[in-house]
Amino acid sequence: MSRYQFEQVDDFGRILFVDDPVLELECVLGGLETAEGSITLHPAQTPRLPVALFEFRKALGVGYFGYVVPRGVSPDEIPEEPQLEGAILFGMRRLPPDVYCELPSLPAWELHEIPDEQPGPAVNSGDTYSRLELRTPDGEIYSRTWVPSDPEWAAAALRHGYVVCLCGVELGIRGIYAMTDAQHTPAMRHESFRRGCTLGLNAAGLVTYVAHR
């Protein structure tokens, strides 16, 4: 497969921290079960907990600017998105409308960060990129994306040993109405993320981090 073909099969992605205003995930982080036992995550104790977003490029009901709710359909009747339901079958938890739940730890899942050049014709050779591969318990790549490298994020992921991974249809990554990144404000991104949760189209879990540096 050529590097340009990657754009046709991979997802939108972004890395940030749990206290980012786009997410406001403080209420999500409660008691978590890890390989070391039960722990409690609180924003005041882990404000720099790393997060990776995987927003499906191709999904049921998704147009260029995001998800389009079928006409006359209530939130309870939203059609299931196969990719999302697959992640839930493998242990991820659907984020509810109020975004309050205890995230499951997914020791069999892995998030691999691999130094790489972003695919596609518009590559800025002055930037350094990482390829993120979210892998299911059977070792298959569930989602893959390219993000600008962030040493602080990578150091936090390595220190914690895990990353909060969110995958779904609306995570606030896609711009709307051809907006630039500068125009697409954190408040707008947050509104999109909350909308995806309200529609039941986002899921999350605590995933083991694997560095390739």
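**Close-up 1. Arginine 144 and its partner, aspartate 10.** Arginine 144 counts as buried in this predicted model, at 18% relative accessibility. Its side chain meets that of aspartate 10 in a salt bridge, with 2.7 Å from N to O. The two residues come from distant parts of the chain: arginine 144 belongs to strand β10, aspartate 10 sits in the segment before β1 (12–17), and 134 residues separate them. Aspartate 10 is also a buried residue, with a relative accessible area of 5%. If you would like to look for other pairs of this kind, the count for the structure comes to 6 salt bridges.

**Close-up 2. Threonine 145 and the residues around it.** Here we look at threonine 145, which is part of strand β10 (residues 141–148). Threonine 145 is buried, because its relative accessible area is 2% and the cut-off for buried is under 20%. Look for the polar atom of its side chain that lies 3.1 Å from the backbone nitrogen of glycine 13. Which residues is threonine 145 in contact with, leaving aside its neighbours within four places in sequence? They are Asp11, Phe12, Gly13, Phe54, Ser130, Arg131 and Leu132.

**Close-up 3. A salt bridge between arginine 131 and aspartate 116.** In this view, the side chains of arginine 131 and aspartate 116 meet in a salt bridge, at 2.4 Å from N to O. Strand β9 (residues 129–135) holds arginine 131 and strand β8 (residues 105–116) holds aspartate 116, so the pair ties together parts that lie 15 residues apart in sequence. Are the two partners buried or exposed? Arginine 131 counts as buried, at 17% relative accessibility, whereas aspartate 116 is partly exposed, with a relative accessible area of 27%.

**Close-up 4. Glutamate 133, arginine 135 and a network of charges.** Glutamate 133 and arginine 135 form a salt bridge through their side chains, with an N to O distance of 2.5 Å. Glutamate 133 is buried, with a relative accessible area of 4%. Salt bridges with shared partners join Asp116, Arg131, Glu133 and Arg135 into one network. You may recognise Asp116 and Arg131 as the pair from the view before this one.

**Close-up 5. Alanine 157 in helix α2.** Now find alanine 157, a residue of helix α2 (residues 151–160). Alanine 157 counts as buried, with 0% relative accessibility. What does alanine 157 touch, not counting residues up to four places away in sequence? Its contacts are Pro50, Tyr162, Val163 and Tyr209. Arginine 48 makes a good landmark for following the chain: alanine 157 and arginine 48 are 109 residues apart in sequence, with 9.3 Å between their C-alpha atoms.

**Close-up 6. Cysteine 165 and the closest cysteine sulfur.** A disulfide is a covalent bond that joins the sulfur atoms of two cysteines. How many disulfides does a search of the whole structure find? The search finds 0. Cysteine 165 shows why its own sulfur is unpaired: the closest cysteine sulfur, in cysteine 167, is 8.2 Å away, too far for a bond. Cysteine 165 counts as buried, at 0% relative accessibility. Cysteine 197 is buried too, with a relative accessible area of 1%.

Methods. Residues are numbered from 1 along each chain as its sequence is written. This is a predicted model: local features need pLDDT of at least 70, side-chain atom pairs count only at pLDDT 80 or more; totals for chains, interfaces and linings use all residues. Side-chain values use heavy atoms; hydrogens and water are left out. Helices (H or I, at least four residues) and strands (E, at least two) are DSSP runs, numbered from the N terminus. Buried means under 20% relative accessible area, exposed over 50%, partly exposed in between (1.4 Å probe, protein chains only). A polar contact is a pair of N or O atoms within 3.5 Å; within protein, one must be able to donate a hydrogen and the other to accept it, and residues adjacent in sequence count only if both atoms are side-chain atoms. Contact means heavy atoms within 4.5 Å. A disulfide is a pair of cysteine sulfur atoms within 2.5 Å. A salt bridge is a side-chain nitrogen of Lys or Arg within 4 Å of a carboxyl oxygen of Asp or Glu.
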